[in-house]
Amino acid sequence: MRMRQKKLPVGIENFEDIRKEPFYYADKTGLLVELLDSWGAVNLFTRPRRFGKTLNMSMLEHFFSLHGDKSIFDGLQISKETELCDRYMGKYPVVSVSLKGIEALSYEKALQMAVLILKRPAARVQYLLESTVLSEQDKEDYRKLLDNAMGEAMLCDSLRLLCELLEKHHGRKVILLIDEYDVPLAKAFEHGYYEQMVSFIRSLLGQALKTNSSLKFAVLTGCLRISKESIFTGLNNLRVITATDTQFGGYFGFTDKEVRRMLEYYACLEQYDMVKKWYDGYQFGNTQVYCPWDVICHLAKLRINKTKTAQPQNYWINTSSNSVVKQFIQKSADAAAKREIERLVAGETIRKKIYEELFYPEMYQKAEHLWSMLFMTGYLTKRGNADGRSMELAIPNLEIRDIFMEQIMEYFQENIRKDGDTLNRFCSALQNGDAQNAEKLLASYLRKTISIRDTSIRNSMKENFYHGVLIGILGVKEGWGLTSNREMGEGYADILAEPDTGDMGIIIEVKYAHDANLDAACREALSQIEHTRYEDDLLDDGIGHILKYGIACYKKQCRVMLAENMQIAQQPYD
C-alpha cells in the first residue's frame, strides 16, 4: 500500500495544527535550544514577512504553555534535549498576542481593534474567575480585561495586568509573546495618526516589558526594528536579533538542505535549480535561506501538476502592496540612482550604509533610508560580511527581480500618461510608416527609463524587458487595440497594435542586439515576420493597411526598421 504524502501547510501558522494533521514540517525547534541557552529577558526578532515568524511564535507558545500537548514535539530536535524539556516544557503560563490586526483609517477605530485583539489572551484564561488564589479585587480587575468598552489606560496596562494575575494564580512567572509588533505603526503612518499610535505602543510595551515583575522572558517579532528611543524607551534588557546577526540565522526561512529534502520527499528534485533561482538568495547572518512561503506555494502547484512542470510564479507580490519599492523607484530620478537600480536588476551588488533603527517618518524622507527599508523588508539582501553599517546589497532572486521590474514599468507608464504629446507623436510615427521618427522617440523613452544592463542575463529576458517597454507605451494610447504574443499565421507575433481608425494593423517584432548590431537584429525580426506569415490573419479580417516593424534594442540604443515591401496608407494619420 502506497504511503500518502503529507499535505503542504499553505497558510497554516498554528504549530499544533501542523503537527497533529499530516502536514509537512521543517523542524525549527532548534530555535528553542539557542533561545534558552543564550537567554535574553526581552528578545526582538526582525525578519521580512512570510519567513515563518508567526509559526515560530506558535511553536514557542505550545512548548512553554502549561496547557500544551507535549506529544506534538515527539521526534523533533528539541525532544533530544531532555534537560531543557524537563526544565521548561509545559512549565509556564503563556500570554501570546499578535498585533497584526490593529489597522484602521483613524486612531479611534484602531483602538477599538486593539481592544478586541488584546482581549483574546485574557479570554483564553477565564478559569481565573474560579481561582481560589485571586482576590475579589483581582477578579474584578480581570473582568475589566474582557470589557469591550475598555478605556485606553486599561488597554495600555492589559498585558502587564494579565501577566500579574496569571503569576498569582499559578505561582510561576509568565512568558510573553508579541507577534508583528510593528504592524500598527506601519498602518498608522500610512493613515496619518502615527504619533498617537507611537504613544500607545510605547505605553503598552513599556508596561508589559519594563515594569512587569511577573515576566519570565518575552519574545517579539516584526519586520522592522523601530528606533529604540521612540518605542522601547528605558528598556535596557532588550536584545535585538536582525537579519544581519549570525545567531538564529537558519530558523527563519528554509535552508538549502531543507529545500532539497522537501523536493526529494515530493519527488520534485528535478525542479531544484529553478526553485533556487526563483526563491533562494536571502542571507540571514551567514546562512543562505529561501523564502518558505514561496517554496511551499510552488511545491503545492507542482503536486497538483502531475507532470511536475508548473512554472515558478511570484507568490510574494500578493502578500503586500510593495509600496516601498514604488517609493524607492519614484525617488530615484537622477542618473546615478537609475544606474544603481540597473546594476541590481542585472544581478550585481552595490555597497550602501544600512540603518536598522529608524522612525517611520524618516524612512521615506531620504533615499539612503529607503535602501535600509528595502533591506529590512526583504527586497534586498546582503552578500558577504558587513563592514559596520556598510554592506554589499543585491536583489535576492528572480521573484524579487520580477517585483522590481513590475514597479519600474508601472512608474514608466505613469510618466507616459503625463506626457501625452510625446505619446501621440510616437504613435503617429508608427501609423505613418515613419520609422526614423519612431526610432528617435523610442530612444528618448529608453533614456528616461531603467534598462537591462548587458550582463549574464539571457537574451530572451532582455527581449522581454524591451517588449514590456513597448507594451507600456502603446498600452497607454486610448482607443488602440493591443495584443501581446498573439497566435498569428505560423507563429506568435510579439505585438499587434490596431489603431482606432479600424483599417490598419501594426505588427512589431522585438529583438535584443546581443552583439550591438542593431541593423542585423532588425533584419532578423523582419525576416521572422515574413517567414511566419503574421499578416495572414489581418488580411483574412479585411485589414488592408498592414505595417511590419522590426525593432532592435541594445542597452539604451534602438533601431526601428519598416518592411520595405509593405503597402502603406496613402494619407498620413494624425
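## The β7-β9-β8 sheet

Let's start with an open sheet of three strands, arranged in the order β7-β9-β8 with antiparallel pairing. Its edges are formed by β7 and β8, each of which pairs on one side only. Please keep in mind that this is a predicted model. Helix α12, made of residues 272-279, packs on this sheet and touches β8 and β9. The direction of α12 makes about 100° with that of β9.

Now for the pairing itself. Strand β7 (residues 254-255) is joined to strand β9 (residues 287-290) by two bridges, and these strands run antiparallel. Here T255 stands opposite V289 of β9. On the other side, three bridges connect strand β8 (residues 282-284) with β9, again in the antiparallel sense. Two facing pairs help you find the register: Q283 stands opposite Q288 in β9, and F284 stands opposite T287 in β9. The hairpin of β8 and β9 has two residues between the strands, and G285 takes a positive phi near 65° there.

## The β10-β13-β12 sheet

A further open sheet holds three strands in the order β10-β13-β12, with antiparallel pairing. The edge strands are β10 (350-353) and β12 (381-387), and each of these pairs on one side only. On average, neighbouring strands of this sheet are turned by 30° against each other, direction ignored. Helix α15 (residues 335-345) packs on the sheet and touches β10 and β13. Its direction makes about 120° with that of β10.

If you would like to trace the register, β13 is a handy place to begin. Strand β13 covers residues 390-394 and pairs with β12 in the antiparallel sense over four bridges. Strand β10 also pairs with β13 in the antiparallel sense, over four bridges. L393 of β13 is the bridge partner of I350, and K382 also stands opposite L393. A394 of β13, in turn, is the bridge partner of T381. How much of β13 is buried? Four of its five residues are, which leaves the strand mostly covered. The hairpin of β12 and β13 has two residues between the strands, and in it G388 takes a positive phi near 65°.

## Positive phi outside glycine

Most residues other than glycine have a negative phi. With that in mind, two residues are worth a look in your viewer.

R50 has a positive phi of about 65° although it is not a glycine. This residue lies in the loop between β1 (42-46) and α3 (53-64). Because its relative accessibility is 30%, R50 counts as partly exposed.

F248 likewise has a positive phi of about 65° without being a glycine. You will find F248 in the loop between β6 (238-241) and β7. Is F248 buried or exposed? F248 counts as buried because its relative accessible area is 1%.

## N43 in strand β1

N43 sits in strand β1. With a relative accessible area of 0%, N43 is buried. So what does this polar side chain reach? One partner is the backbone oxygen of G40, at 2.8 Å. Another is the side chain of R239, with which the N43 side chain makes a polar contact (2.7 Å).

The surroundings of N43 are easy to list as well. Leaving aside residues up to four places away in sequence, N43 touches L35, F217, A218, V219, L220, R239 and I241.

## Helices α2 and α3

Which angle do the axes of α2 and α3 make where they cross? Helix α2 (residues 30-38) and α3 have axes that come within 10 Å and cross at roughly 70°. Angles of 65 to 115 degrees count as roughly perpendicular, so α2 is roughly perpendicular to α3.

On the α2 side, the contact uses L31, L32, L35 and L36. These meet N56, M59, L60, F63 and F64 of α3. By residue type, the contact divides into eight nonpolar, one polar and no charged. L35 also appears among the residues that N43 touches.

Technical notes. Residues numbered from 1 in each chain as written. Predicted model: local features only at pLDDT ≥ 70, side-chain atom pairs only at ≥ 80, totals over all residues. Heavy atoms only, no water. Pairing = 2+ DSSP bridges. Axes fitted to C-alpha atoms, helices over the stretch in contact; angles between N-to-C directions. Contact = heavy atoms within 4.5 Å. Buried < 20%, exposed > 50% of the residue type's maximum accessible area, 1.4 Å probe, protein only. Polar contact = N/O pair within 3.5 Å; in protein donor to acceptor, adjacent residues only side chain to side chain. Parallel < 35°, antiparallel > 145°, perpendicular 65-115°, else oblique. Nonpolar A, V, L, I, M, F, W, Y, C, P; charged D, E, K, R; others polar.
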